[in-house]
Amino acid sequence: MERKAGVLMHISSLPNNRGIGSLGKAAYEFVDFMTEAGLSLWQVLPLCPTSYGDSPYQSPSAIAGNPYFIDIDTLVAEGLLLESEAPVYDMGYVDYEKVYNERYDTLRKAFRRFKRALPEDYETFKAENAFWLDDYALFMAIKEKHGMQAWETWEDGLKYRTVSLKRFAAAAEFHKFLQYEFFKQWAALREYANGKGIKIVGDMPIYVAYDSVEVWSNPKQFLLNDDLSRKVVAGVPPDYFSVDGQLWGNPIYDWEYMRRTDYDWWVMRMSMALKLYDVVRIDHFRAFADYYVIPADRSDAKVGEWKPGPGMALFNRINEALGNPAIIAEDLGELHECVRELVRETGYPGMKIMQFSFDGNPYNAFYYTNYPENCIAYTGTHDNDTTRGWFDKFDDKDLVKRTLGYYGNDVTSVIVERLYSSRANTVIIPMQDFLVLGTEARMNIPSTLGGNWSWRSEPVWKEQAPRLRALAEKYGRL
């Protein structure tokens, strides 16, 4: 199998003067940088809309694209906005409150002009995507009419969908426009990247948010009470990320119902993901083998029980319907044997995180000399500190240096090169580690709210291209 190297860099982190990264000029420049650097995989975090807490892993839709990523300068060039209508601001990080308060007003101005002369493919887009777009647009329109409150607080007729929703159709059209623009811009960027030999690796959260169109429009697929409140919620028990475990709060799938419906929802979800990505990384893959169930009234994840997931039956159905799509299994955490067996049976590459390898055990599976070929090797994920930040806080720095056989100061660059040298067919490095940045550039601290997902980069990555290309050449990853 071909040896490759890639980069983890979310769209929100790209530079511009519009408050948050977008699908515009900087994204294309980033693709050009990747080409020069010998990088052939661009991994992004979920592209879905963000909500309270700003996490792309808690979204009002598992399918829709994030309107924040619609490039404003492209809309100006297309005549949908005047330059004077496009606010300029850049604090060096994403201020989600500021973006939220500005962006929808700006996009509504574009929508008013858009309606005057609808493009020929707009009705086609709506018709081809009606199976998810109609419900999503209605959901967002109703949320707006209710001050963005969660659907569980709506009046019963709307909550249970027992009344006509036609009165929201006009407001819903705005959200269909947003999705048209997002998917159009994303398709153009992906085509450009693919044309340069770069594949997009996308991230699929295994669970959906409770306050999402998926739960509101099809509650039968989830373990809910008669009043549509959650019976149980998702999370993980205490592990090396959190001493209290992680209480995510997502509703749990009714896997028996999904089995009876031939896993059609999952086939649809994966087919939509493949319209965005070339490779799909499934976050918390282990829950397909066994998943952790926490009582809905708990305030932490210390108490819960493991239950068997759908296993290989689900992936047989996906493979049959979609022709064996390229999938990465996020198989981190303390795994039971059934999880390892499912990963082996699917044949999907798992993940290796080198930050987890420094415990003095030469056979640690996360250390680069112990990797199999069929894996994806990372310094860390979006949930880890940057490697420099991690090392600065590590209790036994001498252990790290002894293990590496390196006694200088740039541990990050050494770890990156060791990953390039490993047997792993694929290495993906967070952009922060290519730039040797500290904790200030960390993307997320699990189980915390506020201050996450806000890191942005200046285009200093352009300067790294020759060094990274030399690494790729040295270790056969061009």
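Student: How does the lining of the second largest cavity divide by class?

Tutor: This is a predicted model. The lining of the second largest cavity has 11 polar, 7 nonpolar and 3 charged residues. Gly counts as polar in this scheme.

Student: Which residues that line the second largest cavity are the closest to its centre?

Tutor: They are Leu8, His382, Pro430, Gln432 and Met443, out of 21 lining residues. Leu and Met belong to the nonpolar class and Gln falls among the polar residues, so Leu8 and Met443 are counted as nonpolar and Gln432 as polar.

Student: Why is the space of about 160 Å³ called a cavity?

Tutor: A 1.4 Å probe fits in a cavity but cannot get out. The space of about 160 Å³ is listed as the second largest cavity, so the probe fits there and has no way out. The search of the whole structure finds 3 cavities of 30 Å³ or more.

Student: What is the volume of the largest cavity, and which residues are the closest to its centre?

Tutor: The volume of the largest cavity is about 210 Å³. Its lining has 22 residues, and Cys48, Ala62, Ile63, Pro205 and Arg269 are the closest to the centre. Strand S3 (199–205) and helix H10 (264–276) are the elements that give two or more residues to this lining. H10 has the largest share, 4 residues.

Student: How does the lining of the largest cavity divide by class?

Tutor: It has 17 nonpolar, 3 polar and 2 charged residues. Arg counts as charged, so Arg269 is one of the charged residues of this lining.

Student: What makes the second largest pocket a pocket and not a cavity?

Tutor: A pocket is an open set of points, whereas from a cavity the probe cannot get out. The space of about 560 Å³ is listed as a pocket, so it is open. Among its 26 lining residues, Thr50, Ser51, Tyr68, Tyr100 and Met148 are the closest to the centre. Helix H3 (96–114) and helix H5 (130–145) each give two or more residues, and H3 gives the most, 7. The lining divides into 13 nonpolar, 6 polar and 7 charged residues.

Student: Why is the pair of Phe114 and Tyr180 called tilted?

Tutor: Ring centres must lie within 6.5 Å, and those of Phe114 and Tyr180 are 5.6 Å apart, so the rings pair. Planes under 30 degrees apart would be stacked and those over 60 edge-to-face; at 50° this pair is neither, and therefore tilted. It is one of 49 aromatic pairs. Phe114 is in helix H3 and Tyr180 in helix H7 (residues 169–195), 66 residues apart in the chain.

Student: How do you know that S6 and S9 pair?

Tutor: At least two bridges are needed, and strand S6 (residues 279–283) and S9 have 3, so they pair; the sense is parallel. Arg281 stands opposite Ile328 in S9.

Student: What is the order of the strands in the open sheet?

Tutor: The 8 strands run S9-S6-S3-S2-S1-S12-S11-S10, with parallel pairing. Strand S9 (327–329) and strand S10 (350–353) are the edge strands, each pairing on one side only. Neighbouring strands are turned by 25° against each other on average, direction ignored.

Student: Which strands does helix H1 lie across?

Tutor: Helix H1 (residues 25–37) lies across strand S1 (4–8) and strand S2 (41–43), at about 140° to S2. Helix H15 (residues 411–421) lies across S1, strand S11 (375–378) and strand S12 (426–430), at about 160° to S12.

Methods
Residues are numbered from 1 along each chain as its sequence is written. This is a predicted model: local features need pLDDT of at least 70, side-chain atom pairs count only at pLDDT 80 or more; totals for chains, interfaces and linings use all residues. Side-chain values use heavy atoms; hydrogens and water are left out. On a 1 Å grid over the protein atoms alone, a cavity is a set of points where a 1.4 Å probe fits but cannot get out, and a pocket is an open set with protein on both sides within 12 Å along at least five of seven lines; lining residues have an atom within 4 Å of a point. Grid points are joined across faces, edges and corners, and a volume is the space filled by probe spheres set on the points. Axes are lines fitted to C-alpha atoms, for helices over the stretch in contact, and angles run from 0 to 180 degrees between N-to-C directions. Contact means heavy atoms within 4.5 Å. Rings of Phe, Tyr and Trp (its six-membered ring) pair if their centres lie within 6.5 Å; planes under 30 degrees apart count as stacked, over 60 as edge-to-face and the rest as tilted.
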